[in-house]
Amino acid sequence: MLKPLMLTTAILIGAGSTVAATGRNRIDIDTEITIAAPVAKVWAALTDLAKYPEWNPYHVRVEGHAAPGARLRVEIHKPNGNRLTIRPHVKEVMPERSLVWGGGVAGIFKGTHRFDLEPLGPGCTRLRQSEVFSGIAIRWAELGAIEPGYRQVNAALKHRLEATSGHSC
């Protein structure tokens, strides 16, 4: 009989999101949403970190700059009421394509958080927000509230950018 932790499993959490346990020491979180806004406008909102307190219910405050190598201070309010502050480094910035931050110690606990944008046509953008957690300590980490938090971020960004557009995809 195979042990559950040795199996690769994927659980569909809801429309536009997936959490997958891909082995004992790795968890993937993947969410996406279509936003009726041009990719440049979505990119501008994602990289204006100082304005996150105005719209972002999960990453409620982000200090730093969206520049490769920059260190951020990210205050997180999880949907379950728990709060924490992390200090990731910006790993990748590809204008109007991707913003990546992350940190931790490889093999112990490491997280890599991605915002990827895909233009779907004039005035429509797909936002994919994902994270890969890895390391032996993930089995003790409180990761269950992250995927719902990312869905909240996606919905809040969509609402912020579509509120005045009157446009749909």
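Contact here means heavy atoms within 4.5 Å. Keep in mind that every view below comes from a predicted model.

**Figure 1. The whole chain, before zooming in: 3 helices and 10 strands.** Going from the N terminus, the order of elements is β-β-β-α-α-β-β-β-β-β-β-β-α. The protein has 169 residues, and 37% of them count as buried. If you look at contacts with a separation of 6 or more, 50% of them are between residues 24 or more positions apart. The mean pLDDT is 88, with 86% of the residues at 70 or more. Go easy on residues 1-15, though: pLDDT stays under 50 there. For that stretch the model has 19 contacts beyond four places in sequence.

**Figure 2. The disulfide between C124 and C169.** How many disulfides does the count come to? The count comes to 1, and here you see its two sulfurs, 2.0 Å apart. The torsion about the S-S bond is about -115°, so this disulfide is left-handed. C124 sits in strand 10 (residues 124-134), while C169 is in the segment after helix 3 (146-162), so the bond ties together parts that are 45 residues apart in sequence. Is each end buried or exposed? C124 is buried, because its relative accessible area of 9% falls under the 20% cut-off. C169 is exposed, because its 55% is over the 50% mark.

**Figure 3. The largest pocket, with about 370 Å³ of space.** Lining it are 23 residues, and the ones closest to the pocket centre are L84, I86, F109, E131 and F133. Which elements supply at least two lining residues each? They are strand 6 (83-86), strand 8 (98-105), strand 9 (109-121), strand 10 and helix 3. By residue type, the lining splits into 12 nonpolar, 6 polar and 5 charged.

**Figure 4. F133, a buried residue of the pocket lining.** This phenylalanine belongs to strand 10 and is among the residues closest to the centre of the largest pocket. With a relative accessible area of 6%, F133 counts as buried. Leaving out residues up to four places away in sequence, F133 touches N25, R26, I27 and I29. It also touches F109, K110 and G111, along with I138, L143 and I146. One of those partners, F109, is likewise listed among the residues closest to the pocket centre. For a sense of how the chain comes back on itself here, take D28: it is 105 residues from F133 along the chain, yet the two C-alpha atoms are separated by 6.4 Å.

**Figure 5. K78 and A145, two loop residues in contact.** K78 is in the loop between strand 5 (73-77) and strand 6, whereas A145 is in the loop between strand 10 and helix 3. They are 67 residues apart along the chain, and their C-alpha atoms are separated by 6.1 Å. Is the lysine buried or exposed? K78 is buried, because its relative accessible area of 9% is under 20%. A145 is buried as well, at 9% relative accessibility. Not counting residues up to four places away in sequence, A145 touches Y58, K78, P79 and N80. On the same basis, K78 is in contact with Y58, L84, E142, A145 and I146, so Y58 turns up in the contacts of K78 and in those of A145. Y150 is 72 residues from K78 along the chain, and their C-alpha atoms are separated by 9.4 Å.

**Figure 6. K158 of helix 3 and its contacts with I33, T34 and I35.** Those three are its contacts once neighbours within four places in sequence are left aside. Follow the chain to A36 and you are 122 residues from K158, although the C-alpha atoms of the pair are separated by 7.5 Å. The lysine is partly exposed, with a relative accessible area of 26%.

**Figure 7. E96, with a positive phi of about 60°.** What makes that worth a look is that E96 is not a glycine. You'll find E96 in the loop between strand 7 (89-94) and strand 8. At 33% relative accessibility, E96 is partly exposed, because that value lies between the cut-offs of 20% and 50%.

Technical notes: Residues numbered from 1 in each chain as written. Predicted model: local features only at pLDDT ≥ 70, side-chain atom pairs only at ≥ 80, totals over all residues. Heavy atoms only, no water. pLDDT = per-residue confidence, 0-100. Disulfide = S-S within 2.5 Å. Helix = DSSP H or I, 4+ residues; strand = E, 2+ residues; numbered from the N terminus. Buried < 20%, exposed > 50% of the residue type's maximum accessible area, 1.4 Å probe, protein only. 1 Å grid on protein atoms, 1.4 Å probe; cavity = no way out; pocket = protein on both sides within 12 Å on 5 of 7 lines; lining within 4 Å. Points joined across faces, edges and corners; volume = space filled by probe spheres on them. Nonpolar A, V, L, I, M, F, W, Y, C, P; charged D, E, K, R; others polar.
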